[in-house]
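Hi,

Here is the structure I promised to pass on. Have a look at it first, and then read on for what turned up.

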Amino acid sequence: MIISYKKLWKLLIDKDMKKQDLREAAQLSSSTVAKLTHGDNVSTAVLLKICTALQCDIADIMEVVPDGSPASEKQL
């Protein structure tokens, strides 16, 4: 099982936001956004910052998916 941030990218599209907008709103470093983009692990503090900035629940930005599923493929 792995974590997928596909829901986060969909939410950004729905809110008409770019990754740079998220970075500024949640006060994230560019390396943290890069980790999210590549599906790498980030701290719960980072996830909380994102949820606070986007006014959403953690389930709105991530999900656990089985290894090898289409949603588990790393984002480009």
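First, something to check on your screen: is glutamine 55 buried or exposed? Glutamine 55 is exposed, with a relative accessible area of 74%. Bear in mind that this is a predicted model, and that goes for everything below.

Glutamine 55 is worth a second look for its backbone too. Its phi is positive, near 50°, and it comes after α4. It sits in the loop between α4 (44-54) and β2 (63-65). As background, most residues other than glycine have a negative phi. Aspartate 16 also has a positive phi, about 55°, and is not a glycine either. You'll find aspartate 16 in the loop between α1 (6-14) and α2 (19-25), and with a relative accessible area of 71% it counts as exposed.

Now for α4 itself. Its buried residues are Val46, Leu47, Ile50, Cys51 and Leu54. Looking down the axis of α4, these fall within an arc of 135°, so they line one face of the helix. That buried set packs against α1, α2 and α3. On the face turned away from the buried side you get the exposed residues Thr44, Leu48 and Thr52, so don't be surprised to see a leucine listed there.Next, the cysteines. A search of the whole structure finds 0 disulfides. Why is there no bond between cysteine 51 and cysteine 56? The sulfur of cysteine 51 is 4.2 Å from that of cysteine 56, its closest cysteine sulfur, and that is too far for a bond; the cut-off used is 2.5 Å. Seen from the other side, cysteine 56 is in no disulfide, and its nearest cysteine sulfur is that of cysteine 51. Both side chains are tucked away by the numbers: cysteine 51 counts as buried at 9% relative accessibility, and cysteine 56 counts as buried at 17%.

One last item, threonine 37. This residue lies in helix α3 (residues 30-37) and is buried, with a relative accessible area of 8%. What does its side chain make a polar contact with? The partner is the side chain of lysine 19, at 3.2 Å.

That's the lot for now.

Cheers

Notes
Residues numbered from 1 in each chain as written. Predicted model: local features only at pLDDT ≥ 70, side-chain atom pairs only at ≥ 80, totals over all residues. Heavy atoms only, no water. Buried < 20%, exposed > 50% of the residue type's maximum accessible area, 1.4 Å probe, protein only. Helix = DSSP H or I, 4+ residues; strand = E, 2+ residues; numbered from the N terminus. Polar contact = N/O pair within 3.5 Å; in protein donor to acceptor, adjacent residues only side chain to side chain. Arc of directions from axis to C-beta. Contact = heavy atoms within 4.5 Å.
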